Amino acid sequence: MSQDTMELDDIDRGLIRALCEDATQSAGALGREMGLSQPATWRRIKRLKELGVFGPRRVDLDLEGLGFGVTVFLGIKLATKGRVSLEDFERAVRAIPEVQTVQHVLGLFDYRLRVVAQDLPDFERVLRRRIMTLPGVGNVEANVLLSEERCPGPI
């Protein structure tokens with residue numbers, strides 16, 4: 001095992017799963033669930049943070065409750081990479097408030113965007129007036145999100 005590989009035991013993985021499910025749980029509540037004292041649980045969480053297991057804290061928004069009833073994943077192929085820099089495209093797309101994520105990917109498309117809108121007519125407006133006018137945009141493929149379920153992943 002390399003020096004960069006983290007050693008996680010079953011309790012660490014259980015804490016990670018529990019915090020992914022509900023990050024607001026106290027160390028005391030997590031400890032009771034895991035059979036640990038509150039201080040032992042806190043030390044483990046602190047160690048996991050120091051190891052870089054947890055990224056920045058974020059709030060999981062209820063987009064529909066905020067009026068955004070449509071989520072669309074866009075695949076974007078740049079027309080000519082030589083004529084527009086990737087940095088110019090990324091800077092312009094990050095300025096669009098409806099774009100939640102920008103992923104530079106390999107494959108058929110150069111970028112994958114997660115875009116939210118109030119409804120389909122609102123999404124069409126965002127697509128026509130904001131996305132399609134970005135520097136270098138060539139082909140665009142849209143996939144409307146029908147449902148989403150979060151899975152715990154490999155931990």
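## Helices, strands and two nonpolar cores

Helix H2 spans residues 27–34, and its buried residues are Ala27, Gly28, Leu30 and Gly31. Around the axis of H2 they cover an arc of only 160 degrees, which puts them on the same side of the helix. This is a predicted model.

The opposite face of H2 reads differently. Turned away from the buried side, it carries the exposed residues Arg32 and Glu33. What covers the buried residues of H2 includes H1 and H3. Just after H2 comes Gly35, with a positive phi of about 80 degrees.

### How the helices pack

Two helix pairs are set out below.

| Helix pair | Angle | Distance between axes |
|---|---|---|
| H1 and H3 | about 80 degrees | 11 Å |
| H2 and H3 | about 100 degrees | 8 Å |

Take H2 and H3 first. Angles of 65 to 115 degrees count as roughly perpendicular. H2 and H3 are therefore roughly perpendicular to each other. From H2, the residues in this contact are Ala27, Gly28, Leu30 and Gly31. They meet Gln38, Thr41, Trp42 and Ile45 of H3. By class, the contact between H2 and H3 has 4 nonpolar and 4 polar residues, with no charged ones.

Now H1 and H3. Helix H1 covers residues 10–21 and helix H3 covers residues 38–50. H1 and H3 are therefore roughly perpendicular to each other as well. H1 brings Ile11, Asp12, Leu15, Ile16 and Leu19 to the contact. H3 brings Thr41, Arg44, Ile45, Arg47 and Leu48. Sorted by class, the contact of H1 with H3 has 6 nonpolar, 1 polar and 3 charged residues.

### The nonpolar cores

In soluble globular proteins, nonpolar side chains tend to be buried together. The largest nonpolar core here has 19 residues. Which of its members touch the most others? They are Leu74, Ile76, Phe89, Leu113 and Ile131.

Four elements give two or more residues to this core: strand S1 (70–78), helix H4 (86–94), strand S3 (111–117) and helix H5 (120–131). S1 gives the most, with 5 residues.

Phe89 shows how far the contacts reach along the chain. Leaving out residues up to four places away in sequence, Phe89 touches Ile76, Leu78, Tyr111, Leu134, Pro135 and Val137. Apart from the largest core lies another core, of 5 residues. Its members include Leu15, Ala18, Leu19 and Leu30. Of these, Leu15 and Leu19 also take part in the contact of H1 with H3, while Leu30 is one of the buried residues of H2.

### Helix H5 and its two sides

The buried residues of H5 are Asp122, Phe123, Val126, Leu127 and Ile131. Seen down the axis of H5, they fall within an arc of 140 degrees, so they line one face of the helix. An α-helix has 3.6 residues a turn, so residues three or four places apart point the same way. On the other side of H5, Pro121, Arg128 and Arg129 are exposed. What do the buried residues of H5 pack against? Their partners are S1, strand S2 (99–104), S3 and strand S4 (137–144).

### Two residues of strand S1

Thr71 is found in strand S1. Is Thr71 buried or exposed? Buried means under 20% relative accessible area. At 8% relative accessibility, Thr71 therefore counts as buried. Not counting residues up to four places away in sequence, Thr71 touches Leu63, Arg114, Val115, Val116, Asn143, Val144 and Leu145.

Lys77 also lies in strand S1. Lys77 is partly exposed, with a relative accessible area of 29%. Its neighbours within four places in sequence aside, Lys77 is in contact with Leu108, Phe109, Asp110, Gly136, Val137, Gly138 and Asn139. One of these partners is 60 residues away along the chain: the C-alpha atoms of Lys77 and Val137 are separated by 6.5 Å.

### A cysteine after S4

Cys151 lies in the segment after S4. Cys151 is exposed, with a relative accessible area of 62%. How many residues separate Cys151 and Cys20 in sequence? They are 131 residues apart, yet the C-alpha to C-alpha distance between Cys151 and Cys20 is 9.8 Å.

Technical notes. Residues are numbered from 1 along each chain as its sequence is written. This is a predicted model: local features need pLDDT of at least 70, side-chain atom pairs count only at pLDDT 80 or more; totals for chains, interfaces and linings use all residues. Side-chain values use heavy atoms; hydrogens and water are left out. Axes are lines fitted to C-alpha atoms, for helices over the stretch in contact, and angles run from 0 to 180 degrees between N-to-C directions. Angles under 35 degrees count as roughly parallel, over 145 as roughly antiparallel, 65 to 115 as roughly perpendicular and the rest as oblique. Contact means heavy atoms within 4.5 Å. Ala, Val, Leu, Ile, Met, Phe, Trp, Tyr, Cys and Pro count as nonpolar, Asp, Glu, Lys and Arg as charged, and the others, Gly among them, as polar. A nonpolar core is a set of buried Ala, Val, Leu, Ile, Met, Phe, Trp, Tyr and Cys residues joined through side-chain atoms within 4.5 Å. Buried means under 20% relative accessible area, exposed over 50%, partly exposed in between (1.4 Å probe, protein chains only). The arc is that of the directions from the helix axis to the C-beta atoms.
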